[in-house]
Amino acid sequence: MSDIQKNISDKQSGESRRRFLRKLGVGAWGFSGAGALLGACKRMDEKKEPAAEGAVPTGMMTMRRNRSTGDNVSLLGYGCMRWPTKTGNDGKDVIDQEMVNRLVDKAIEHGVNYFDTSPAYCQGRSEAATGIALSRHPRESYYIATKLSNFAPQTWGFKESVNMYRNSLKELKTDYIDYMLLHGIGMGGMDAFRARYIDNGLLDFLLKEREQGRIRNLGFSYHGDVEVFDHLLANHEKYRWDFVQIQLNYLDWEHAKETNPRNTDAIYLYGKLDSLGIQAVIMEPLLGGRLAKVPEHIVSRLKGRDPLRSVASWAFRFAGSHPGVLTVLSGMTCMEHLEDNLRTYCPLVPLTDDDNRFLYDTADLMMQHPAIPCNDCKYCMPCPWGIDIPGVLLHYNKMLNEDNIPQSRQDPKYSKARRAFLVGYNRAVEPVRQADHCIGCRICVQHCPQGIDIPAELARVDNYAEKLRRGSLPG
Amino acid sequence: MLRKIRIALAALCFVLITLLFLDFTGWAQAHFGFLAKIQFLPAFLALNVLVLLGLVLTTLLLGRVYCSVVCPLGVMQDVVNRLRCMAGKRARNRFSFSRSKTIVRCAVLVVFAVCMAAGLGWLASLIAPYSAYGRMVQTLAAPVYDWVNNIFADRAAATGSYVFYRHDTVTRLPLMIVVAAATFAVVFATAWIGGRAWCNTVCPVGTVLGFLSRYSFLAPVIDTDKCVGCSLCARRCKASCIDYKAHRIDYSKCVACMDCIDNCTHNAIKYTKRRSAGLHKRAVATDKSRRRFLSAGAMLVGAAAMKAADKTADGGLAKLENKIPPKRTRPVLPPGAVSIEHFTTHCTACQLCVTACPTQILRPSTSLSRLMKPESVYENGYCRPECTRCGDVCPAGAIHPLTVERKSSTQIGHAVWTANLCFPVAKGLRCGNCARHCPVGAISMVPYNRPDGRLVYVPAVDTERCIGCGACEYVCPSRPQSAIYVDGNEVQRMV
């Protein structure tokens with residue numbers, strides 16, 4: 001049992017575990033390990049009204065100071081996993097480079113200086129597109145984060161992995177990487193971790209690269225088996241991690257395990273990093289948009305508390321309010337999302353204890369009708385049999401949000417909901433790519449960072465759609 | 001007044017029948033499907049006695065109002081003629097009386113009947129008015145309708161509404177386009193030049209009804225006392241049936257459009273009992289042509305009797321390679337088609353079921369014996385267990401209406417397994433998708449030893465339970481050829 005868990009269990013007496021955990025979360029601001037951060041943050045008058053629409057302020061970005069290199073990092077980091085695409089001349093989807101350039105320019109103009117990519121993103125085209133957009137700006141004006149995404153067994157060899165690293169430098173048009181990550185440790189457990197980074201000597205190579213300055217910060221991103229996370233942190237003295245990337249948001253704060261027993265609650269991950277004084281880079285602050293596209297009653301709840309703030313801004317403020325957070329990554333595909341996030345972080349208005357309690361209660365409400373925890377990262381794709389896996393799962397979530405999942409034909413809005421579900425299904429996913437084509441080969445399962453049992457979820461959606469089509473829901 | 005009533009009714013029928021062939025949601029067919037069922041030839045083929053009796057009595061009572069109101073091809077010609085008349089007075093007054101080309105009419109009718117009886121129904125149906133119209137709309141106008149619909153659907157999708165959804169008519173047989181375009185060109189041209197010339201020379205239904213309407217109780221009659229012989233009625237008669245000099249109307253050609261009644265400036269034409277007007281003396285001799293006419297009629301009746309005999313005998317984002325249809329021994333016909341023979345002899349290839357099919361699995365056939373008549377293909381969908389639309393809409397009795405329960409126990413074919421394409425055998429993968437999706441549970445997974453000694457599970461089809469719906473073929477992951485496909489039954493049966 002780790003230290004923090006011990007702490008928790010020691011102090012549980014009298015109070016419910018959950019309430020205690022909440023307090024811990026709320027109190028996290030109070031006991032920041034190094035405490036050096038806040039000085040670097042541009043604090044602002046908390047009474048200031050947020051601007052939900054209109055101009056985005058310039059020069060107001062909240063910054064965080066990197067404890068190991070002193071980098072002044074913007075609290076909003078750009079996740080380069082969801083670059084916009086357009087249909088190319090050959091009819092295939094290509095990255096809309098012009099739009100990427102405009103997004104990057106706008107982000108940099110407003111103080112964003114952390115760009116997170118990977119050789120695996122956007123079907124391998126993210127680094128090149130990011131490199132093109134960034135190289136139009138002075139190299140010292142931004143930080144590049146990329147990863148060693150040697151997921152496929154054929155890239156586990158030392159040579160292959162190093163080639164991947166060198167190719168990243170080439171694609172990103174640079175001779176050094178500011179933030180280098182071991183990608184998705186925990187996926188495949190200790191065995192996969194050892195095969196990817198230890199047995200082939202790759203971690204030693206990366207440590208050497210850091211010594212020589214070609215890697216300025218070394219860290220890892222974590223999904224899945226917590227044993228690997230714990231193992232790497234237990235060896236912190238040896239590896240001296242500059243930062244660690246974790247999934248954190250108000251739903252996963254204490255519901256991650258509930259959603260999937262394989263996952264780890266963010267409160268544990270963050271607490272552990274904080275206790276070691278390691279700064280956290282936050283991924284999935286918005287759960288791939290799931291915390292922006294929420295059920296109607298949740299929208300009303302959030303809007304009711306502050307009509308001027310967007311639904312998404314609550315999630316970003318939650319992530320950014322933790323003082324041990326270096327930067328919060330958001331994969332902003334369109335200008336509107338970028339602008340909304342800039343408004344949230346220029347500057348950040350930290351959540352109050354009351355706000356946090358409000359969000360924890362919101363998370364509880366959301367867990368009453370849990371969505372499929374798909375964040376549309378598309379790691380599962382392409383499905384060899386042509387199924388649009390995220391398309392199917394996100395459609396189900398959308399219907400859940402729109403309250404279009406009737407459980408009985410007696411439901412007063414049964415026929416309307418039925419139509420919405422079926423019309424929307426064909427609209428979201430063409431019929432030959434729908435869930436009924438899943439043969440259950442389970443190739444996708446190992447790739448899902450959220451540990452979703454994809455074939456089971458597809459079968460669930462398919463069975464439900466089939467019941468709607470046949471009108472065979474209980475009467 | 002009568003003319004206006006005729007125009008209003010005709011416009012209504014015309015629009016609604018056109019909608020039957022355009023509306024893919026099934027709404028129009030559910031509400032106005034009867035308009036297809038009261039069409040003469042389909043009702044005749046379906047042996048729909050009530051409708052036939054109604055049509056015969058109506059014609060005997062009122063004349064060929066069917067041709068002016070109910071028949072979509074007839075109304076379409078009126079529309080074309082009206083367009084021509086907009087050119088001016090000369091165009092409007094371009095007609096003159098012409099004698100009925102009885103020999104041609106009867107000859108066409110005989111050839112038509114022979115083709116129907118000899119299993120060349122597709123050839124005959126080329127001139128069958130209702131199905132010819134259906135093919136034109138379904139082939140030429142439906143894509144336009146889809147296009148407009150898709151504009152709404154995209155708008156709806158953008159605003160999060162589920163009222164409209166996209167519909168893309170699947171690629172058609174080029175032959176269908178050729179046939180439809182040719183039909184349109186010919187009918188348009190004859191109407192542009194000669195008004196109802198098509199109806200009074202080629203149309204087999206027009207010929208049959210023309211025979212009846214000669215004895216109709218009510219008809220437009222020229223009052224010789226009032227007529228001044230100005231010829232206006234004759235010059236504007238699109239059926240070219242008024243011999244104004246003789247004060248006679250050829251009732252075999254008159255479609256009871258009532259135009260002449262409105263056009264006559266002297267009120268000399270009345271829609272009334274012919275006997276009272278004392279004008280039933282007929283100059284048309286009961287000659288050879290009449291006898292021929294009667295014999296043709298007898299043949300048609302004979303063909304119908306043959307059908308009756310049949311009826312009593314019936315028993316019942318990786319890249320996806322497009323699937324290609326398997327080589328079936330026999331075609332798969334929609335449930336309710338009874339048998340290949342029954343279906344082939346009844347279907348007029350009007351394409352109404354093709355429009356109505358929600359999964360778009362019905363496509364016009366390319367086989368010569370069933371040219372343009374629908375058959376099921378399962379590449380992009382299958383015959384849904386809860387759907388009975390094709391049988392509900394078929395006006396010709398080619399596809400009988402079935403209840404959902406009966407439909408899901410009607411065997412239209414049976415699944416055939418191709419071992420060397422099946423994933424467990426070919427790739428050693430676990431699959432079983434066909435078994436999971438079989439709506440009647442006719443497929444079970446049984447152990448099978450691969451040559452390499454591995455034990456896999458492969459589908460085993462219980463052909464006694466299989467209904468041939470094609471769910472297995474549709475969800476089979478093997479591409480382009482499904483490892484399990486449906487072969488049609490010669491005769492459909494209950495399982």
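Where is B:Pro480 placed in chain B? The legends below come back to that proline first, and all views are taken from a predicted model.

**View 1. A cis proline in a loop of chain B.** B:Pro480 sits in the loop between α24 (471-475) and β10 (484-494) of chain B. Look at the bond leading into this proline: the peptide bond from B:Arg479 to B:Pro480 is cis, with omega near 0°.

**View 2. A cis proline in a loop of chain A.** Chain A has a cis peptide bond to show as well, running from A:Cys346 to A:Pro347, with omega near -10°. You'll find A:Pro347 in the loop between α15 (335-345) and α16 (353-367) of chain A.

**View 3. Positive phi at A:Gln123.** This residue isn't a glycine, yet its phi is positive, near 55°. A:Gln123 belongs to the loop between β6 (114-116) and α5 (126-134) of chain A. Is A:Gln123 buried or exposed? A:Gln123 counts as exposed because it has 12 C-beta neighbours inside 10 Å, and the cut-off for exposed is 12 or fewer.

**View 4. Positive phi at A:Lys378.** Here's another non-glycine with a positive phi, this one about 70°. A:Lys378 is part of the loop between α16 and α17 (389-401) of chain A. With 21 C-beta neighbours inside 10 Å, A:Lys378 counts as buried, since 20 or more is what buried takes.

**View 5. Helices α1 and α7 of chain B cross.** The axes of α1 (residues 2-20) and α7 (residues 72-85) of chain B come within 10 Å and cross at roughly 115°. The crossing of α1(B) and α7(B) is left-handed. On the α1(B) side, the contact uses B:Ala10, B:Cys13, B:Phe14, B:Ile17 and B:Thr18, while α7(B) brings B:Pro72, B:Val75 and B:Asp78. Sorted by class, that contact has 6 nonpolar, 1 polar and 1 charged residues.

**View 6. Where the two domains of chain B touch.** Chain B is split into domain 1 (2-277) and domain 2 (314-494), with 38 Å between their C-alpha centres. The contact pairs 31 residues of domain 1 of chain B with 28 residues of domain 2 of chain B. On the domain 1 side, helices supplying at least two residues each include α10 (121-125) and α12 (174-194) of chain B. Which helix gives the most to this side? That's α11(B), with 6 residues. The domain 1 side as a whole has 18 nonpolar, 10 polar and 3 charged residues.

**View 7. Where the two domains of chain A touch.** Domain 1 of chain A covers 25-367 and domain 2 covers 389-470. Their C-alpha centres are 29 Å apart. Domain 1 of chain A puts 13 residues into the contact, and domain 2 of chain A puts in 9 residues. The domain 1 side breaks down into 3 nonpolar, 6 polar and 4 charged.

**View 8. Chain B meets chain A.** In this contact, 20 residues of chain B face 24 residues of chain A. The chain B side has 12 nonpolar, 4 polar and 4 charged residues.

**View 9. Low-confidence stretches of chain A.** Chain A averages a pLDDT of 87, and 89% of the residues score at least 70. Over residues 1-15 of chain A, though, the pLDDT is below 50, and this stretch has 13 contacts beyond near neighbours in sequence. Residues 25-51 of chain A are also below 50, with 44 such contacts in the model. Where pLDDT is low, don't read the predicted coordinates in detail.

How values were computed. Residues numbered from 1 in each chain as written. Chains lettered and ligands numbered in written order. Predicted model: local features only at pLDDT ≥ 70, side-chain atom pairs only at ≥ 80, totals over all residues. Axes fitted to C-alpha atoms, helices over the stretch in contact; angles between N-to-C directions. Helix = DSSP H or I, 4+ residues; strand = E, 2+ residues; numbered from the N terminus. Left-handed = near helix turned anticlockwise from the far one by under 90°. Contact = placed C-beta atoms within 7 Å. Nonpolar A, V, L, I, M, F, W, Y, C, P; charged D, E, K, R; others polar. Domains from an automatic or database assignment. pLDDT = per-residue confidence, 0-100.
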